[in-house]
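Hi there,

Here is the structure I promised to pass on. Please have a look at it first, and then read my notes underneath.

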Amino acid sequence: MRVDVVSLFPEFVAQVAGHGVVGRAQERGLLSIHGWNPRDFATGNYRRVDERPFGGGPGMVMLIDPLRDCIQAAREADPAPATVIYLSPQGERLTQAKVRELAGRDRVILLCGRYEGVDERLVAAEVDEELSIGDYVLSGGELAAAVLIDAVARLQAGALNDSESAAQDSFEPADDAGSLLLDCPHFTRPVEHELGTVPAVLMSGNHADIARWRRQQALGRTWLRRPDLVDPSTLSKADRQLLDAFLAESASDPSST
Ligand code: ADE
């Protein structure tokens, strides 16, 4: 997959993308990330990339031409057609389902706005999709682009060392019914610690019991923390029983959740 990032701070995104899973995905040739700076396409002595907004008001608006030429250069750098995604708080909310869809594409161009925004005519002419990473305002699209790149990179086949771990993440459908659940809690050594003891079932060696316990924890956590993600009427009988038992236990021992 090829990702081109149009940003006044392309080195910021390159930095973030150089580490961990994203860095490894790049080293393994699964993903390539290319930065493009609209300032390199600005003209005039001052190489302006922004101007004051018509109608007044605070902040600056990014100019059409440097952005358009920059996007065009990014498009032409590879023959594969690209969709242009503008990161902005006005966009459609990025979800794991959307991340999965993006991860299957060959190519995207991410447009990071700065200041108060981008001239709307550029958005209308060049942008195919607008995505938001949440209902809060960042000072630019770079962090949002880094979030999107990270989420997409780890879904590239071969990016993760343990091929199982992406499928078990929070928000990945955990069963054929496609229910979206938060992840279960995880523990590692030591078994006994002043902060607590690891649940005995995880040391039992009984894989069916462990799987059941993890499913129960995932159901219970999701119910308590994100009730919007669980519709009890769609749960299987087995899941309903697991959840009921979880809730009964957490009512008698609130510290268990
Ligand atoms: N740019 C500024 N805020 C943003 C957000 N919440 N999501 C995506 N891009 C943004």
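Below are some notes on the ligand site and on a small part of the fold.

This is a predicted model, in which local features need pLDDT of at least 70 and side-chain atom pairs count only at pLDDT 80 or more, while totals for chains, interfaces and linings use all residues. Residues are numbered from 1 along each chain as its sequence is written, and side-chain values use heavy atoms, with hydrogens and water left out.

The ligand first. Among the residues around it (a heavy atom within 4 Å) are Leu87, Ser88, Pro89, Tyr136 and Leu138. By class, this shell has 8 nonpolar, 4 polar and no charged residues (Gly counts as polar, Tyr and Pro as nonpolar).

Three polar contacts (N or O pairs within 3.5 Å) involve backbone atoms and a ligand nitrogen: Ser88 at 3.2 Å, Tyr136 at 2.8 Å and Leu138 at 3.0 Å. The protein covers 96% of the 260 Å² of accessible area that the ligand has on its own (Shrake-Rupley, 1.4 Å probe). Strands here are DSSP runs of E with at least two residues, numbered from the N terminus. Strand β5 (83–93) and strand β8 (129–132) each give two or more residues to the shell, and β5 gives the most, with 3.

Now the sheet. An open sheet of 3 strands runs in the order β3-β4-β7, with mixed pairing (a pair needs at least two DSSP bridges). Because β3 (50–51) and β7 (117–118) are edge strands with a single partner each, one side of each has no neighbour in the sheet. Strand β4 (residues 61–62) runs parallel to β7, joined by 2 bridges, and Val61 stands opposite Gly117 of β7.

Best wishes

Note on methods: Helix = DSSP H or I, 4+ residues; strand = E, 2+ residues; numbered from the N terminus. Polar contact = N/O pair within 3.5 Å; in protein donor to acceptor, adjacent residues only side chain to side chain.
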